[in-house]
Amino acid sequence: MRTRRDSLVRRGWRAFRNWRRRRPFWGGVLAMLSGAEIAALPLAPASVMFVQGPAGITSVLMGVFLIALGLITWATPGQRTIAGVLTVLVGLGALVLSNLGGFVIGTLLALLGGGLMFAWQPTPRRRRSRRGKRRGTPESRSDPDREENPAEEPSPTAGTLPQPPSVNQG
């Protein structure tokens, strides 16, 4: 029974890992953490706050918006560019409008998260190959029936300029 449970845990972790690798996961996490930091400070006791005033409403709105941007990035990785830029802009706006952007911690998290979102690039999925059929394994090199694809191997003159014909002087 233990091995079945272990395999379920491994399968679940593998599925989570594959899901996480297909999106800007850490950028979304940092954006949501910055939103939580910025939104939570106006709800803190007055002794912790500098000035409540209108900054309380803007802080909560900016925090909710940052959390939404992190979730949007997770849900639709194709929107990572605009979400990353908006995360940076809202983080910088929070520095001015909401108690130094969550005592600067929220702003720094937003800047890092937005940068990670903006910089993330999707990578092509790796194809699994069968054992012994991988290129470069001893089994595939010694297989006489294996057909070589000439397009895969570079020609010996690849990347060189054509040489002018030589003229024999007599």
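Start with the fold: read along the sequence, the pattern is α-α-α-α-α-α-α. Colour by secondary structure and you should get 7 helices and 0 strands. Keep in mind that this is a predicted model. The protein has 170 residues, and buried ones make up 28% of them. If you like contact maps, take the contacts with a separation of 6 or more: residues 24 or more positions apart account for 73% of those.

**Stop 1: the core**

Select Ala-31, Ile-38, Met-62, Leu-66, Leu-69, Ala-83, Val-90, Ala-94, Ala-110 and Met-117, and show their side chains. These 10 residues are the largest nonpolar core. Which helices each supply at least two residues of this core? They are α2 (25-40), α3 (55-75), α4 (80-97) and α6 (105-119).

Now centre on Met-62. Skip its neighbours within four places in sequence, and Met-62 is in contact with Ile-38, Val-90, Gly-93, Ala-94 and Leu-97. Ile-38, Val-90 and Ala-94 from that list are also members of the core.

**Stop 2: along helix α2**

Pick Ser-34, which sits in helix α2. Buried or exposed? Ser-34 has a relative accessible area of 0%, so it is buried. With neighbours up to four places away in sequence set aside, Ser-34 is in contact with Leu-66, Gly-106, Leu-109 and Ala-110. Two of these partners, Leu-66 and Ala-110, belong to the core you just selected.

Stay in helix α2 and click Val-29. Val-29 counts as buried because its relative accessibility is 18%, and the cut-off for buried is under 20%. Draw a C-alpha to C-alpha distance from Val-29 to Gly-70: you should get 6.5 Å, for two residues 41 apart in sequence.

**Stop 3: the aromatic cluster**

Hide the rest and show Trp-13, Phe-16, Trp-19, Phe-25, Trp-26 and Trp-74, which form one aromatic cluster. The structure as a whole holds 7 aromatic pairs. One to look at is Trp-19 with Phe-25: their ring centres are 6.1 Å apart and the planes are at 80°, so this pair is edge-to-face. Phe-25 is buried, at a relative accessible area of 10%, while Trp-19 counts as partly exposed at 29% relative accessibility.

Then swing round to Trp-74. Its ring and that of Trp-19 have centres 5.7 Å apart and planes at 80°, so they also make an edge-to-face pair. This pair links distant parts of the chain, with Trp-19 in helix α1 (residues 2-21) and Trp-74 in helix α3, 55 residues apart.

**Stop 4: around helices α5 and α6**

Go to Val-104, in the loop between α5 (99-103) and α6. What is the phi of Val-104, given that it is not a glycine? It is positive, about 70°. As for exposure, Val-104 counts as partly exposed at 35% relative accessibility.

Next, select Thr-107 in helix α6. Thr-107 counts as buried because its relative accessibility is 3%. Leaving out neighbours within four places in sequence, its contacts are Ile-38, Gly-91, Ala-94, Leu-95, Leu-100 and Gly-101. Ile-38 and Ala-94 will be familiar from the core. Try a distance to Glu-37 as well: the C-alpha atoms of Thr-107 and Glu-37 are separated by 9.1 Å, with their positions 70 residues apart along the chain.

**Stop 5: Leu-86**

Leu-86 lies in helix α4 and is partly exposed, with a relative accessible area of 30%. Not counting residues up to four places away in sequence, Leu-86 touches Phe-65 and Leu-69. Leu-69 is one of the core residues. Ala-110, another core residue, is 24 residues from Leu-86 in sequence and 9.6 Å away, C-alpha to C-alpha.

**Stop 6: the pocket**

Finish with a surface view. Rolling a probe the size of a water molecule over the atoms shows where empty space is left. The largest pocket has a volume of about 520 Å³. To find it, select Asn-18, Arg-21, Pro-124, Arg-125 and Arg-126, the closest to its centre of the 13 lining residues. How does the lining divide by residue type? Colour it and you get 8 charged, 3 nonpolar and 2 polar.

Terms used: Residues are numbered from 1 along each chain as its sequence is written. Side-chain values use heavy atoms; hydrogens and water are left out. A nonpolar core is a set of buried Ala, Val, Leu, Ile, Met, Phe, Trp, Tyr and Cys residues joined through side-chain atoms within 4.5 Å. Buried means under 20% relative accessible area, exposed over 50%, partly exposed in between (1.4 Å probe, protein chains only). Helices (H or I, at least four residues) and strands (E, at least two) are DSSP runs, numbered from the N terminus. Contact means heavy atoms within 4.5 Å. On a 1 Å grid over the protein atoms alone, a cavity is a set of points where a 1.4 Å probe fits but cannot get out, and a pocket is an open set with protein on both sides within 12 Å along at least five of seven lines; lining residues have an atom within 4 Å of a point. Grid points are joined across faces, edges and corners, and a volume is the space filled by probe spheres set on the points. Ala, Val, Leu, Ile, Met, Phe, Trp, Tyr, Cys and Pro count as nonpolar, Asp, Glu, Lys and Arg as charged, and the others, Gly among them, as polar. Rings of Phe, Tyr and Trp (its six-membered ring) pair if their centres lie within 6.5 Å; planes under 30 degrees apart count as stacked, over 60 as edge-to-face and the rest as tilted.
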